[in-house]
Amino acid sequence: TVDWELIPPPEILGNWASQVSWMNRLATERLGVPCNKSLTHPNACCDYRPAYGEMFADKYVGYDWWGWCDLDIVFGDLDSLLPSLLSDCDVLSFKEPYLSGCLVFLRNNPRVVSSFRNSPIWREALEDSNYRCWDEQGRLYPENNFQETLLRTGLLLSRRPDLCGYDAPQERNLMEYKNGMVIDLHDGREKLFWHFM
């Protein structure tokens, strides 16, 4: 079973500046570093994603996995596709060669939850007001992005780019949503999700 939650409190949904300010306060309080992500860059708060396991530990009690996803995604049949994907890894990603910021699953155990702290730049990435793309490719410090930290820590990362579809200028494809499944019309294969980007 997959449960979803929009994390900001309902009273601030729809108010971007209030959501960013709320995330900055929460991250500062729960992670112990001064966090002040920019109100002007819509993706700046994505740098907090690797730390969600600690930031929202109270929400993940009793769950085997936690993660994040973007809002511009259509999901297919998670119940049939997801269980076998999670059986022998610590982190499930859907991009090559970097972590898929649009959807990632991480095992809910202390080693994985605190893995972001193994990065030599985790404080810098979270304190910087700009978007560092730390949750994905690490635009400014590619050797120190979150994926590289996971690999150096010895966690098992599974990549399944074959199970996602994208509608972006560099990866334009068509999909059909039918009977709860996402089907790639190019090759007829079932996908776990479709990211509109």
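This briefing covers a helix, a small set of paired strands, two loop residues with positive phi, a buried aspartate and a surface patch. The model is predicted: local features need pLDDT of at least 70, side-chain atom pairs count only at pLDDT 80 or more, and totals for chains, interfaces and linings use all residues. Residues are numbered from 1 along each chain as its sequence is written, and side-chain values use heavy atoms, with hydrogens and water left out.

**Helix α1**
- Helices (H or I, at least four residues) and strands (E, at least two) are DSSP runs, numbered from the N terminus.
- Helix α1 covers residues 16-31, which is 16 residues, and spans 22 Å from its first C-alpha to its last; the expected value, 1.5 Å times one less than the number of residues, is also 22 Å.
- Buried residues (under 20% relative accessible area, with exposed meaning over 50% and partly exposed in between; 1.4 Å probe, protein chains only) of α1 include Trp22, Met23 and Leu26.
- The buried residues of α1 pack against α2 (52-55) and α5 (122-127).

**Sheet β7-β8-β9**
- Three strands form an open sheet in the order β7-β8-β9, with antiparallel pairing.
- β7 (175-178) and β9 (190-191) are the edge strands, since each pairs on one side only; pairing requires at least two DSSP bridges between two strands.
- Four bridges join β7 to β8 (residues 181-184) in the antiparallel sense, and Lys178 stands opposite Met181 in β8.

**Positive phi**
- Most residues other than glycine have a negative phi.
- Asn179, in the loop between β7 and β8, has a positive phi near 55° and is exposed, at 71% relative accessible area.
- Cys133, in the loop between α5 and α6 (146-152), has a positive phi of about 60° and is buried, at 2%.

**Asp90**
- Asp90 sits in the loop between α3 (78-85) and β3 (91-93) and counts as buried because its relative accessible area is 12%.
- Leaving aside neighbours within four places in sequence, Asp90 is in contact (heavy atoms within 4.5 Å) with residues including Trp65, Phe105, Arg107 and Leu156.

**Surface patch**
- Leu6, Leu13 and Leu71 make a nonpolar surface patch of about 340 Å².
- Patch residues have over 30% relative accessible area and no salt bridge; nonpolar side chains (Val, Leu, Ile, Met, Phe, Trp, Tyr) are joined within 5 Å, like charges within 9 Å.
- A salt bridge is a side-chain nitrogen of Lys or Arg within 4 Å of a carboxyl oxygen of Asp or Glu.
- Leu71 lies in the loop between β1 (65-69) and β2 (73-75) and counts as exposed because its relative accessibility is 75%.

Note on methods
Accessible areas come from the Shrake-Rupley method with a 1.4 Å probe; for residues, only the protein chains shown count as cover.
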